[in-house]
Amino acid sequence: MKRILLLSIIVFSGLALSAQNIYHDDAVTVDKIETGTYKINYRDAPNMSSVYVVEGKKKAVVIDAGDKDYDLMSLVRMCTDKPVVLLVTHTHGDHIGAMNQFDELYVNEKENLSQIQRNYKGKVHYVKDGDVFKLGGKSIQALEILGHTAGGMVYCDYDTGNCYSGDCFGSGQVWLQFNTFDNPISVYLSEINKMLGYMAKRHITHIYTGHFGQEEGMYGINYIQDMGTLARMMLDGNFESEHHNRSAESSPVRMTSLRRATIVYHPDRVR
């Protein structure tokens with residue numbers, strides 16, 4: 001039994017360490033996660049955004065576009081020579097910085113579209129819960145997850161068991177009730193339960209998040225379960241919190257944690 005457990009730990013640890021680096025400089029790294037799947041990390045603080053490239057036999061998708069107008073397309077072309085479209089998890093500026101390097105993009109129309117409407121020069125398509133992108137021998141399905149934003153999307157690859165979640169579940173720390181968008185914790189809990197059901201039904205095992213940092217350990221179902229437990233604790237009033245460490249001292253924003261999961265919230269909006 002101990003031998004099996006040790007083997008499981010080694011295999012699990014290897015998942016986080018097995019990426020093959022194909023390019024790096026002071027600003028970015030490009031890693032091959034597995035066949036047809038790549039991760040591009042912006043390494044400069046404070047955002048350190050992550051971009052993903054998933055390739056099929058005929059097409060490829062790029063998930064998010066980084067936090068500035070870096071020459072992202074040159075990095076994408078290190079990963080694939082297939083025709084590409086951009087899938088946007090949400091419209092915060094640190095995820096759409098290089099959007100104009102793509103001729104078309106997909107975004108949930110529930111999102112704040114002001115930056116795209118003002119600045120994007122390509123063709124905009126609207127994606128909704130359940131939409132499927134067929135890439136040739138591989139399909140990516142969109143799943144709507146409310147909480148961080150009004151129309152956040154995660155993208156699931158059933159062939160690999162990978163899910164690309166943007167900031168819907170955070171990179172260890174999910175920001176809820178952000179600016180004027182303030183769905184209650186109860187809504188986020190329902191979205192977590194939706195994701196857990198999806199992961200079980202479609203055998204999603206790996207969560208790749210929207211910001212550099214997950215290399216310390218792969219996010220999987222335990223992380224999402226902890227988010228759910230933490231949300232329930234908040235609704236029951238059975239939790240401890242502290243001032244959010246990245247907010248101004250005068251800000252009321254607080255944070256609460258359980259193991260690797262942290263929820264950032266407004267204390268007047270827990271319900």
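These exercises, each with a worked solution, explore a predicted model of one protein chain.

## Exercise 1: The whole chain

Task: State how many helices and strands the chain has, and what share of its residues count as buried.

Solution:
- Start with the elements. The chain has 5 helices and 17 strands.
- Next, look at burial. There are 271 residues, and 52% of them count as buried.
- Now take the surface. The accessible surface comes to about 13000 Å². Carbon and sulfur atoms account for 51% of that area.
- Finish with the contacts. Consider those between residues at least 6 apart in sequence. Of these, 54% join residues at least 24 apart.

## Exercise 2: Order in a sheet

Task: Give the order of the strands in the open sheet of 5 strands, and find its edge strands.

Solution:
- Write down the order. It is β9-β10-β11-β12-β14, with mixed pairing.
- Pick out the edges. They are β9 (132-134) and β14 (206-208), since each pairs on one side only.
- Check the twist. On average, neighbouring strands of this sheet are turned by 25 degrees against each other, direction ignored.
- Recall what holds such strands together. Strands of a sheet pair through backbone hydrogen bonds, either parallel or antiparallel.
- Follow the bridges from β9. Strands β9 and β10 (residues 139-144) run antiparallel and are joined by 3 bridges. F133 has I140 in β10 as its bridge partner.
- Step on to β11. It pairs with β10 in the antiparallel sense, over 5 bridges. Here A142 has Y155 of β11 as its bridge partner.
- Step on to β12. It is antiparallel to β11, and 3 bridges join the two. Y155 stands opposite Y164 in β12.
- Look at the link between these two strands. The hairpin of β11 and β12 has 4 residues between the strands. In this hairpin, G161 takes a positive phi near 80 degrees.

## Exercise 3: Strand β11

Task: Decide whether β11 is largely enclosed or not, and sort its residues by face.

Solution:
- Count the buried residues. In β11, 5 of the 5 are buried, so the strand is largely enclosed by the rest of the structure.
- Recall the pattern of a strand. In a regular strand the side chains alternate between the two faces of the sheet.
- Sort the residues. M153, Y155 and D157 lie on one side, with V154 and C156 on the other. Both faces are covered.

## Exercise 4: Helix α4

Task: Compare the reach of α4 with its expected span, and say which strands the helix lies across.

Solution:
- Take the reach. The 18 residues of α4 span 25 Å from first C-alpha to last. That is close to the 26 Å expected at 1.5 Å a residue.
- Place the helix. α4 (residues 185-202) lies across β10, β11 (153-157), β12 (162-164) and β14. Its angle to β10 is about 160 degrees.
- List the buried residues. They are I185, Y188, L189, E191, I192, M195, L196, Y198 and M199.
- Think about the spacing. An α-helix has 3.6 residues a turn, so residues three or four places apart point the same way.
- Go one step past the helix. Just after α4, H203 takes a positive phi of about 55 degrees.

## Exercise 5: Cysteines

Task: Count the disulfides, and explain why C156 and C168 are not bonded to C163.

Solution:
- Set the cut-off. The two cysteine sulfur atoms must be within 2.5 Å.
- Test C156. Its closest cysteine sulfur is in C163, 3.7 Å away, which is too far for a bond.
- Test C168. Its closest cysteine sulfur is also in C163, at 8.4 Å, again too far for a bond.
- State the count. It comes to 0 disulfides.
- Add the burial. C156 is buried at 0% relative accessibility, and C168 is buried at 4%.

## Exercise 6: Two loop residues

Task: Decide whether S49 and N245 are buried or exposed, and list what they touch beyond four places in sequence.

Solution:
- Locate S49. It sits in the loop between β3 (37-42) and β4 (50-55).
- Judge S49. Its relative accessibility is 0%, so S49 counts as buried.
- List its contacts. S49 touches I40, N41, Y42, G66, D67, D94, G210, H211 and F212.
- Locate N245. It lies in the loop between β15 (242-243) and β16 (254-258).
- Judge N245. With a relative accessible area of 57%, N245 is exposed.
- List its contacts. N245 is in contact with Q173 and M255.
- Add one distance. The C-alpha atoms of N245 and V264 are separated by 9.8 Å. These residues are 19 apart along the chain.

Technical notes
Residues numbered from 1 in each chain as written. Predicted model: local features only at pLDDT ≥ 70, side-chain atom pairs only at ≥ 80, totals over all residues. Heavy atoms only, no water. Buried < 20%, exposed > 50% of the residue type's maximum accessible area, 1.4 Å probe, protein only. Contact = heavy atoms within 4.5 Å. Areas by Shrake-Rupley, 256 points an atom, 1.4 Å probe, with all protein chains shown as cover. Pairing = 2+ DSSP bridges. Axes fitted to C-alpha atoms, helices over the stretch in contact; angles between N-to-C directions. Expected span 1.5 Å × (residues − 1).
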